[in-house]
Amino acid sequence: MWDSYPRPQLKRKSFISFNGIWNVNGEGTYVPSCMSGEKVRYKKTFMFWRSNDRVILNIGAADQIAEVELNGKTLGIHEGGYLPFSFDITDVVREGENVLSITVTDELSLDYPYGKQKAEHGGMWYTPVSGIWKSIWMEEVPEEYISDVKITPDLKGADIILSVRNGRTGETVTDRRRIDIEEPDLWTPDNPKLYYETITYGKDSVEIYFALREISIKEVGGINRVCLNGEPVFLNGVLDQGYFKPGLFIPEDPSEYEKDILRMKQLGFNLLRKHIKVETEEFYYACDRLGMMVMQDMVNSGEYKFFRDTVLGTVGIRHDDRTREGYDRRQEFWVKHMEETIGHLYNHPSVIAYTLFNEGWGQFDSDKMYERAKGLDPTRLIDSTSGWFKQAKSDFDSEHIYFRLKRLKPGKRPLLVSECGGYTLNLTGQEKSYGYGACRNSMELTEKIRKMYEKMIIPGIEKGVCGAVYTQLSDIEDEINGLYSFDRKTCKVIPEEMKKTADLVNAVFERITE
């Protein structure tokens, strides 16, 4: 299950996993897992004998606010439910028996990114979760240790920046290195070549990996195209919300990530739009290894209003998102979370683009946010406003198209149909259901998808359509527009016919861009 080293980058040979049975609200419960309730109390007793200078406690994610104590002493409080955090526990951990206590509070505050969670699930909203839902572990390091690594590849090698922290003084220095590859083997979905290296600094040693790949927008035949390693690429994507039955935020076994990726590749897709959720490291590593491009959404916060965020955008009314009087707490935290998300995922070659705002939900100052994100990571593409309410700055024009087939009219920027389709097939006969256009069987669903690509997507490729993201990978609770059932036991489309449609799209794209 969740027992391997949870951080594929900056990997050390030894660690102590705390994944397993904890006392959770007075009962034995496996961690990581998704809990329910506003307050979850965790307690674990462990034995420890020191063998190195410093000891670091790592927590992958806890939703939403985590207060961490060791042996009765508060280590700190972390806010936000999707990103990792850690504590230097050298002066608190003791030889022999230790007691680790973590209290996680989740009131579904709109000040924090919360994604698709809602107290009363239904439609496009899902059962809320709380608690420690990513791995938790401890590792020992020397007094001067590699605390972070930033890897920037090109088509000949990679620039490496090490952050080296002195655990005693708290000071951090940087160490820059270059790795050149004599015979470069470039990363693509069909050839996901990874290079593994062991990096040492003083007494510390970590394993890293990287890939040689570049994502860019170049003019090809007078049209701006998305290019992978300098060659035009069609982003044939599927919306991946990262929900599982059982488990909700995480599958029972991390191998399910690999299976999802291979399921989508079998259907002809080369990209997952990771929708309003930051996954475990195991997911991104699987995408890196198996050759699946990822468009990563930032996690929405703030109040969603159907008329403002959906109706106005659907009918084409423009929304001015400029903030005139500084940022409130919610917006400030969103900026912080965006910056930390980009830093957290920077080293994953599969991540080729970011979505900042989705359908106007929580949107503010998108032009400034574009500049801020580009300043942090100029190596990736950015869809500033997915769906509608576009402003001046973005690497894509981005449209969501449901209920109808539309004649696409690309402008100067590549046009990404960042959501489309969403056709439903009700396998279970459930009364409450949500989606965009009912089908009676797998054949009708598959044919409807084929028609959408042939009538809407393919005709737009010549003028600048760069990709399409079909909604969605699997059913989720009331939402029954998945290519797979919620439990992944049933493929709802005909795989061979889906692959034929993907091959047709790629053939047309290659002919137009050759």
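Trainee: Which residue in S9 is the bridge partner of Asn-58?

Mentor: The partner of Asn-58 in S9 is Ser-86. This is a predicted model, in which local features need pLDDT of at least 70, side-chain atom pairs count only at pLDDT 80 or more, and totals for chains, interfaces and linings use all residues. Residues are numbered from 1 along each chain as its sequence is written, and side-chain values use heavy atoms, without hydrogens and water.

Trainee: What makes S5 and S9 a pair?

Mentor: Strand S5 (residues 54–59) and S9 share four bridges in the antiparallel sense; strands pair if DSSP finds at least two bridges between them, so the condition is met. Strands are DSSP runs (E, at least two residues), and helices are runs of H or I with at least four.

Trainee: Which are the edge strands of the sheet?

Mentor: The sheet is open, in the order S1-S12-S5-S9, with antiparallel pairing. Its edge strands are S1 (16–17) and S9 (85–88), each of which pairs on one side only.

Trainee: Which element gives the largest share of the lining of the largest pocket?

Mentor: H4 does, with seven residues. Among the elements that give two or more residues to this lining are S5, S9 and helix H4 (329–345).

Trainee: Why is H4 called roughly parallel to H5?

Mentor: H4 and helix H5 (residues 366–376) pack at about 30°, with their axes 10 Å apart. Angles under 35 degrees count as roughly parallel, over 145 as roughly antiparallel, 65 to 115 as roughly perpendicular and the rest as oblique. H4 is therefore roughly parallel to H5.

Technical notes:
Axes are lines fitted to C-alpha atoms, for helices over the stretch in contact, and angles run from 0 to 180 degrees between N-to-C directions.
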